[in-house]
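Colleague: I have a few questions about packing, charge pairs and surface in this chain. Can you take them in turn?

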Amino acid sequence: MKKLKVTVWNEFIHERKNEGSKKLYPAGMHKVIADGISKLGGMEVQTATLDEPEHGLTETAVQNTDVLVWWGHRAHGEVKDEIVERVKKRVLEGMGLIVLHSGHYSKIFKSLMGTNCSLKWREAAEKERLWNLEPSHPITEGIGEYIELPNTEMYGERFDIPTPDELIFVSWFEGGEVFRSGCTWRRGHGKVFYFRPGHETYPIFYNSQVIRVIWNACKWAAPQIIMADKCPNISNSLEKLSPKNVDFGKAGIQQ
Ligand code: ZN
């Protein structure tokens with residue numbers, strides 16, 4: 001079977017500037033995510049980062065990607081608009097997009113959602129339990145009733161997103177907040193999945209359940225079709241049309 005082509009994109013800044021993140025992810029979170037999903041099999045996984053030419057998302061790279069995984073935080077504003085447009089166009093054509101954690105505020109996610117994508121947050125190393133609401137969904141295959149993370153950054157409602165097509169996970173936090181942690185949408189021919197875990201100072205991407213969800217989501221988001229956008233004038237109808245004598249030149253009003 002043809003392998004799914006996955007590109008894991010990361011701004012790769014915290015892991016070079018913050019001691020805590022550097023220690024946890026010396027080669028970057030993208031490397032740990034890419035290795036984790038590669039090990040589960042069936043995928044050809046590439047990585048791309050902000051500082052590469054065209055952020056590693058050249059036209060060829062995007063054409064060769066079935067599913068793009070996105071992690072960003074500090075440098076959302078540094079992602080060039082033309083690259084965001086390129087990624088968006090490809091999603092609308094059918095490419096899958098998995099947005100992780102602070103990617104909720106990325107240009108690409110906000111553009112595809114059309115809302116502010118804002119939320120509440122707190123860094124207090126609290127416990128999070130992500131409840132699996134859809135145990136029969138391909139994204140939760142092998143996950144069980146919940147995922148428990150001992151230390152996380154809290155994200156709380158209201159999360160300013162359009163109502164998801166499917167709500168897959170809801171998080172409960174030690175401090176009392178809840179959050180829609182796993183959401184799907186369709187945009188054009190593409191599938192989009194937002195998945196909350198992934199703060200850079202905790203070892204979230206070493207968690208096998210978190211990696212399993214990302215792997216499952218990549219398979220779920222695989223393109224069914226890649227179809228370029230067009231808006232053609234169809235002058236030849238399938239059935240023969242009888243001549244019409246309607247003059248809409250007068251604002252459609254007939255005497
Ligand atoms: Zn965070």
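The exchange below works through this predicted model.

Colleague: At what angle do helix H3 and helix H7 pack, and what is that arrangement called?

Modeller: H3 covers residues 29-39 and H7 covers residues 208-220. Their axes lie 9 Å apart, at an angle of about 70°. Angles of 65 to 115 degrees count as roughly perpendicular. Therefore H3 is, relative to H7, roughly perpendicular.

Colleague: Which residues of H3 and H7 make the contact?

Modeller: H3 contributes Val32, Ile33, Gly36 and Ile37. From H7 come Ile211, Ile214, Trp215 and Cys218.

Colleague: How many salt bridges does a search of the whole structure find?

Modeller: The search covers the whole structure. Its total for salt bridges is 16.

Colleague: Lys22 forms a salt bridge with which residue?

Modeller: The closest N and O atoms are 3.4 Å apart, and the cut-off is 4 Å. Both residues belong to helix H2 (residues 19-24); they are three residues apart, so about one helical turn separates them. Lys22 counts as partly exposed because its relative accessibility is 33%. Its partner, exposed at 57% relative accessible area, is Glu19.

Colleague: How many residues apart are Arg122 and Glu177?

Modeller: Their side chains meet in a salt bridge, 2.7 Å from N to O. Arg122 sits in strand E5 (residues 120-132), while Glu177 is in the loop between strand E7 (166-173) and strand E8 (178-187). The pair links distant parts of the chain, and the separation is 55 residues.

Colleague: Are Arg196 and Glu128 buried or exposed?

Modeller: These two form a salt bridge, with the closest N and O atoms 2.6 Å apart. The pair links distant parts of the chain, 68 residues apart: Arg196 is in the loop between strand E9 (190-195) and H7, and Glu128 is in strand E5. Buried means under 20% relative accessible area. Both Arg196 and Glu128 are buried.

Colleague: Which residues are joined into one network by salt bridges that share partners?

Modeller: Shared partners connect the salt bridges here. The one network joins Glu54, Glu59 and Arg86.

Colleague: What accessible area do the residues of the nonpolar surface patch have together?

Modeller: The patch is formed by Trp131, Leu133, Tyr146, Trp172 and Val178. One of them, Tyr146, lies in strand E6 (residues 146-156). Tyr146 counts as partly exposed because its relative accessibility is 34%. Together, the patch residues have an accessible area of about 420 Å².

Methods. Residues numbered from 1 in each chain as written. Predicted model: local features only at pLDDT ≥ 70, side-chain atom pairs only at ≥ 80, totals over all residues. Heavy atoms only, no water. Patch = residues over 30% accessible without salt bridge, like charges linked within 9 Å, V, L, I, M, F, W, Y side chains within 5 Å. Areas by Shrake-Rupley, 256 points an atom, 1.4 Å probe, with all protein chains shown as cover. Helix = DSSP H or I, 4+ residues; strand = E, 2+ residues; numbered from the N terminus. Buried < 20%, exposed > 50% of the residue type's maximum accessible area, 1.4 Å probe, protein only. Axes fitted to C-alpha atoms, helices over the stretch in contact; angles between N-to-C directions. Parallel < 35°, antiparallel > 145°, perpendicular 65-115°, else oblique. Contact = heavy atoms within 4.5 Å.
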